[in-house]
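This briefing introduces a protein structure to a reader who has not seen it before. Please look over the sequence and the model first, then read the notes on charged pairs and on enclosed space.

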Amino acid sequence: MKIEKEACLTDFIIEKPISDSESIILIPEVLNKEEYISINAHVLIVNRTNAEIKSRFFEKESWYSDAIRLNKIEVLYQPYIISQNHETVGIVIDYYGSSRVNPYESTELSLFVRNGATLERVLKDYSISQLNGETDGMSSGEYIEHEKTISPIINSLSKFYDLSITDTITTTVMEDGTEKSVKTVTTTETLKYKNGEYKNSF
C-alpha cells in the first residue's frame, strides 16, 4: 500500500481476526499535523496467510483531531445483522474534550457492509453516546448525557433492515460536588437505508 508506518497513528493501527483465514485491519494515515490532525481512513479485510487484500474502504480526511481529541478506536465484526446477505464491520471512535468548563465526550459509530472487493459505508459517524456539560470548572454544573441502543428491525422487503434507535437522555445537576437532581427521558427514532446510506426517517 506504500504507507510508511511513521505516517500513521501507530497507537490506533488495529488488526482484528474474524476467521481462521481473514482479519480486519484499520490504518489511520495522518495527512496533516499542523494546526490539527487530519486522518485518512483505510479499512481492509485481508488474507491472514499471504496478506492479500480481499475487501477495502478508503476515505481521504475521514477523521479529525484538534480541540476534540481522538481517544480510542475499536473495530467490531458483525455488531448488528442489518442484512440477510452481507457481513457487517463496525468502527467505533471515542472523542473527548479537555475543557473543565465545558466537558465533552462522544462515541461515534460507522457501519460498513462487505460487497466483494469493496467495503461500503452505510452509516457514517453516528453518535451513540455523548456527554456535554456546563460547569464552573470545579464541582458545580449541569451535565446532559445521551446513550443510544440500536435494534435492527427485521424486514425482508428491504435490502437493509431499518434500525430502531432508543436514546436515553439523562440530565444531572451538581452543586458543590453533590448531586442535586437527575432527570431521565427516552426518545426513539428510526434510521432507514436510502441512496446508499442510513438516514433519519421523519
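Is Glu 87 buried, partly exposed or exposed, going by its relative accessibility? Glu 87 counts as partly exposed, because its relative accessibility is 27%, and buried would mean under 20%. The model is a predicted one. The count of salt bridges in it comes to 8, and there is 1 cavity of 30 Å³ or more.

**Salt bridges of Arg 114**

- Arg 114 pairs with Glu 22 in a salt bridge whose closest N and O atoms are 2.8 Å apart.
- This pair links distant parts of the chain, since Arg 114 belongs to strand E7 (residues 104-115) and Glu 22 to strand E2 (residues 22-33), 92 residues apart.
- Arg 114 counts as buried because its relative accessibility is 15%, and under 20% is the cut-off for buried.
- Glu 22 likewise counts as buried, at 15% relative accessibility.
- Arg 114 also forms a salt bridge with Glu 87, where the closest N and O atoms are 3.2 Å apart.
- Glu 87 sits in the loop between strand E5 (68-77) and strand E6 (88-97), while Arg 114 is in strand E7, so this salt bridge ties together parts that are 27 residues apart in sequence.

**Other salt bridges**

- Lys 199 and Glu 197 form a salt bridge, with 3.9 Å between the closest N and O atoms.
- Lys 199 is partly exposed, its relative accessible area being 39%.
- Glu 197 is partly exposed as well, with a relative accessible area of 34%.
- Elsewhere, Glu 59, Arg 121, Lys 124 and Asp 125 are joined into one network by salt bridges that share partners.

**The cavity**

- The largest cavity holds about 40 Å³ of space.
- Its lining is made up of Ala 41, Phe 57, Ser 62, Trp 63, Ile 91, Ser 110, Phe 112, Arg 121, Lys 124 and Asp 125.
- By class, this lining has 5 nonpolar, 2 polar and 3 charged residues.
- At least two lining residues come from each of strand E4 (53-65), E7 and strand E8 (118-135).
- Arg 121, Lys 124 and Asp 125 are among the lining residues, and these residues also belong to the salt-bridge network that includes Glu 59.
- Strand E7, one of the strands that supply the lining, is also the strand that holds Arg 114.

How values were computed
Residues are numbered from 1 along each chain as its sequence is written. This is a predicted model: local features need pLDDT of at least 70, side-chain atom pairs count only at pLDDT 80 or more; totals for chains, interfaces and linings use all residues. Side-chain values use heavy atoms; hydrogens and water are left out. A salt bridge is a side-chain nitrogen of Lys or Arg within 4 Å of a carboxyl oxygen of Asp or Glu. Helices (H or I, at least four residues) and strands (E, at least two) are DSSP runs, numbered from the N terminus. Buried means under 20% relative accessible area, exposed over 50%, partly exposed in between (1.4 Å probe, protein chains only). On a 1 Å grid over the protein atoms alone, a cavity is a set of points where a 1.4 Å probe fits but cannot get out, and a pocket is an open set with protein on both sides within 12 Å along at least five of seven lines; lining residues have an atom within 4 Å of a point. Grid points are joined across faces, edges and corners, and a volume is the space filled by probe spheres set on the points. Ala, Val, Leu, Ile, Met, Phe, Trp, Tyr, Cys and Pro count as nonpolar, Asp, Glu, Lys and Arg as charged, and the others, Gly among them, as polar.
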